[in-house]
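Open the structure in your viewer and keep the selection tool at hand. We will walk through it stop by stop, and at each one you will hear what to select and what is there.

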Amino acid sequence: MEKKTVLTKIGIPRAMSYYNNFLFYYGFFKSLGVEVVLSDKTTTATINEGTKYVVSDTCFPIKVYAGHVINLLNKGCDVIFVPSIQSTGYKVNNCSKIRGLPEIIRNIINRPFIMIEPTLDKTENIGLYDFCKNTACQLGITDTKEIKKAMDAGWEMYNSFMEMTKSGISYNEALNNALNGKFVKKSVDIVKPLSVVIMAHGYNLFDERISLNLIKKLEKMGVKVYTSLNISREQQQEALKKLGEIQYWANELELTGCAAHYLLNKKVDGIIALSAFGCGPDSLMVDEISHHCKEKGMPLIHLTIDEHTGEAGFITRIEAFVDMLMRKKRNTLIQNAKPKAKADIINIKKEKILTGSAK
Ligand code: SF4
């Protein structure tokens, strides 16, 4: 019988599901003895390259994804992992672009390469084990024990990453720690005068070029930033339930569930929704949360991004929002304070509040 060739190298585009699942993928492939090659970080050139291949009304993250596939091919990597994540729970769906990602890439990139394209579709009973087995089989690995062991290795890396981010460690730091076998937790939650939560897909928020470095910009303004990685999946589910919403979209927990948690716990001064221009699911989820924010008097700003978003206008909108939050907080403090403290607060300069020295 002819022995099946085992592929020993796989390229992962640094886009889409990379931002949520990379540590699982990495642990899984490493355990199988498959070397992982990552595309370079997103740059304007990656975006321009991807945009050439995709019709203009396709959403921004898919254009970026195409740019990353091209980047891998240009690096000489001709085995590329392009999963089709259809649903992550029973009738908990992804949008058509995420579901059909392998088809999109096959149809737009007319260059020879091997696409490793497993499917995850829990609605159709195609779970994570099937997804992993299918991936391994496409690479030429069929040993069930080896596959299960690789899944455990994937979970171990993923869980370590999630524990670190839940404690408040930043995305990049937790990623590097997990890759280097380090486990560090933050024990003190730094309090800042203002705090916000960002509701966004990981692939929009943690890609520093796509998000135009939104987290760092806010932190520079003295704002504490929370994201979906700071809370557990159970907390997101619970908040969604308490708000009376159901999970329809696969990313609903990351977006609506996360925003709902901070909204209900009154833990933040405002909510920033960051989404790609023209994204159908996001517009529904942002609408849902906006409605609840209006009811509860929570400020919300919706920032949309695409390949034409200019940094100057983006910063102006963030600054205006932060400024408004600061004035609102100051007025609330004045209203609730005793007369003597009231006079003191009125005398506090805006700059002092922003730098945190007014505490
Ligand atoms: S969820 Fe929205 S941004 Fe993400 S791939 Fe689908 S349409 Fe694009």
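## A tour in five stops

**Stop 1: a sheet of three strands.** In this predicted model, begin with the open sheet whose strands come in the order E5-E4-E7, with mixed pairing. Select strand E7 (119–121) together with E5: these two stand at the edges, and each has a single partner strand, so one side of each lacks a neighbour in the sheet. Next, select E4 and E5, which run antiparallel and are joined by two bridges. For one residue pair to look at, pick Ser87, whose bridge partner in E5 is Asn93.

**Stop 2: the two domains.** Now colour the chain by its domain assignment, which gives domain 1 (9–166) and domain 2 (190–355). Taken over C-alpha atoms, the centres of domain 1 and domain 2 are separated by 29 Å. Where they touch, domain 1 contributes 22 residues to the contact and domain 2 contributes 24 residues.

Stay on the side of domain 1 that touches domain 2. Which elements should you select there? At least two residues each come from helix H1 (18–31), helix H2 (44–53), H3, strand E4 (84–89), strand E5 (92–93) and helix H7 (144–166). H3 gives the most to this side of domain 1, with four residues. Coloured by class, the residues on this side of domain 1 are ten nonpolar, nine polar and three charged.

**Stop 3: a sheet of four strands.** Move on to the open sheet with the order E9-E8-E10-E11, in which four strands pair in parallel. Strand E9 (223–226) and strand E11 (300–305) are at the edges; each has a single partner strand, so one side of each is left without a neighbour in the sheet. Look along the sheet and follow the twist, which averages 25° from one strand to the next.

Select strand E10 (residues 270–276) with E11: they run parallel, and six bridges join them. Here Ile272 stands opposite Ile301 in E11. Then add H13, which packs on the sheet and touches strand E8 (194–199), E10 and E11. The direction of H13 makes about 165° with that of E10.

**Stop 4: a pair of helices.** Keep H13 selected and add helix H12 (residues 252–264). How are the two arranged? Their axes lie 10 Å apart and they pack at an angle of about 5°, so H12 and H13 are roughly parallel to each other. To see the contact, show Glu252, Leu255, Thr256, Ala259 and Leu263 in H12, which meet Met285, Glu288, Ile289, His292, Cys293 and Lys296 in H13. By class, this contact of H12 with H13 has six nonpolar, two polar and three charged residues.

**Stop 5: the ligand.** Finally, centre the view on the ligand. Which residues are around it? Select Cys59, Pro61, Ile62, Cys95, Lys97, Ile98, His201, Ala276, Cys279, Gly280, Pro281 and Asp282. By class, this shell has eight nonpolar, two polar and two charged residues.

Now show the helices again. Helix H3 (60–74), helix H4 (96–99) and helix H13 (280–296) each supply at least two residues of the shell around the ligand, and H13 gives the largest share, three residues. Switch back to the domain colours to finish: the shell draws at least three residues from each of domain 1 and domain 2.

How values were computed
Residues are numbered from 1 along each chain as its sequence is written. This is a predicted model: local features need pLDDT of at least 70, side-chain atom pairs count only at pLDDT 80 or more; totals for chains, interfaces and linings use all residues. A residue is near a molecule or strand if its C-beta atom, placed from the backbone, lies within 6 Å of it. Ala, Val, Leu, Ile, Met, Phe, Trp, Tyr, Cys and Pro count as nonpolar, Asp, Glu, Lys and Arg as charged, and the others, Gly among them, as polar. Domain bounds come from an automatic or database domain assignment. Two residues are in contact if their C-beta atoms, placed from the backbone, lie within 7 Å. Axes are lines fitted to C-alpha atoms, for helices over the stretch in contact, and angles run from 0 to 180 degrees between N-to-C directions. Angles under 35 degrees count as roughly parallel, over 145 as roughly antiparallel, 65 to 115 as roughly perpendicular and the rest as oblique. Two strands pair if DSSP finds at least two bridges between them.
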